[in-house]
Amino acid sequence: MKIIIKYKQLFLFKLFLSLLPYFFISILIMNALGYRYSEIMIISAMTQIIGVILNLPLGIYAEQKNRKKVLLLNNILSIIAFTLFLFEKFYLAILAAVILGISEALSSGVMQTFSYEQFPDDVTYRKYLEGSSSIQYLAISVMTIITPAILHFNRFLPIIIQ
């Protein structure tokens, strides 16, 4: 726990990012655009599958390249993907999901590289990950459990909070 306190700014930043209800907000937005829930789940699964497959190679790419350029590419890809969703065509939404998966893998690579560089050695980094990951996954679980109740109370509250 001492290591989390020592690197509290990094930990709080990552915790904040994990608590944002992106998944639920994307469901609301895609549903409002006219996508059926079955299509939304296929699109979401496609994004995650592409992100998992490309996480390591694009993480290595992000580590070797200029972070600012990689983040710029990430933002350009995100804008392209979100624009494709607006056409309300399922095949374009699948393409957007693939692009978002690539974008997520790029941003994840940048975040991992940045995080790693904050530590003096591998041992300290591993200790930090051991302590922080459990808390972060617990926070994500809690957010996943309470967001449906928040949505029941007010459908737009997660968007307002974000």
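**Secondary structure.** I counted the elements of the protein chain and found 8 helices and 0 strands. I noted that the model is a predicted one. Reading from the N terminus on, I recorded the order of elements as α-α-α-α-α-α-α-α.

**Extent and burial.** I looked up the box that the C-alpha atoms of the protein chain fill, taken along the principal axes, and entered roughly 50 × 40 × 25 Å. I then asked what share of the 162 residues is buried. The entry for the protein chain is 37%.

**Helix 4 and helix 6.** I turned next to a pair of helices. Helix 4 covers residues 37–64 and helix 6 covers residues 90–117. I found that their axes come within 6 Å and that they cross at roughly 35°. I also looked up the hand of this crossing, and helix 4 passes helix 6 in a right-handed manner. Sorting the residues of this contact by class, I listed 18 nonpolar, 9 polar and 3 charged residues.

**A surface patch.** I looked up a nonpolar patch on the surface and recorded an area of about 390 Å². Leu 138, Val 142, Ile 145 and Ile 146 make this patch. I chose Ile 145 for a further check and located this residue in helix 7, which spans residues 122–153. Is Ile 145 buried or exposed? I entered Ile 145 as exposed because its relative accessibility is 66%, and the cut-off for exposed is over 50%.

Terms used: Residues numbered from 1 in each chain as written. Predicted model: local features only at pLDDT ≥ 70, side-chain atom pairs only at ≥ 80, totals over all residues. Heavy atoms only, no water. Axes fitted to C-alpha atoms, helices over the stretch in contact; angles between N-to-C directions. Helix = DSSP H or I, 4+ residues; strand = E, 2+ residues; numbered from the N terminus. Left-handed = near helix turned anticlockwise from the far one by under 90°. Nonpolar A, V, L, I, M, F, W, Y, C, P; charged D, E, K, R; others polar. Patch = residues over 30% accessible without salt bridge, like charges linked within 9 Å, V, L, I, M, F, W, Y side chains within 5 Å. Areas by Shrake-Rupley, 256 points an atom, 1.4 Å probe, with all protein chains shown as cover. Salt bridge = Lys/Arg side-chain N within 4 Å of Asp/Glu carboxyl O. Buried < 20%, exposed > 50% of the residue type's maximum accessible area, 1.4 Å probe, protein only.
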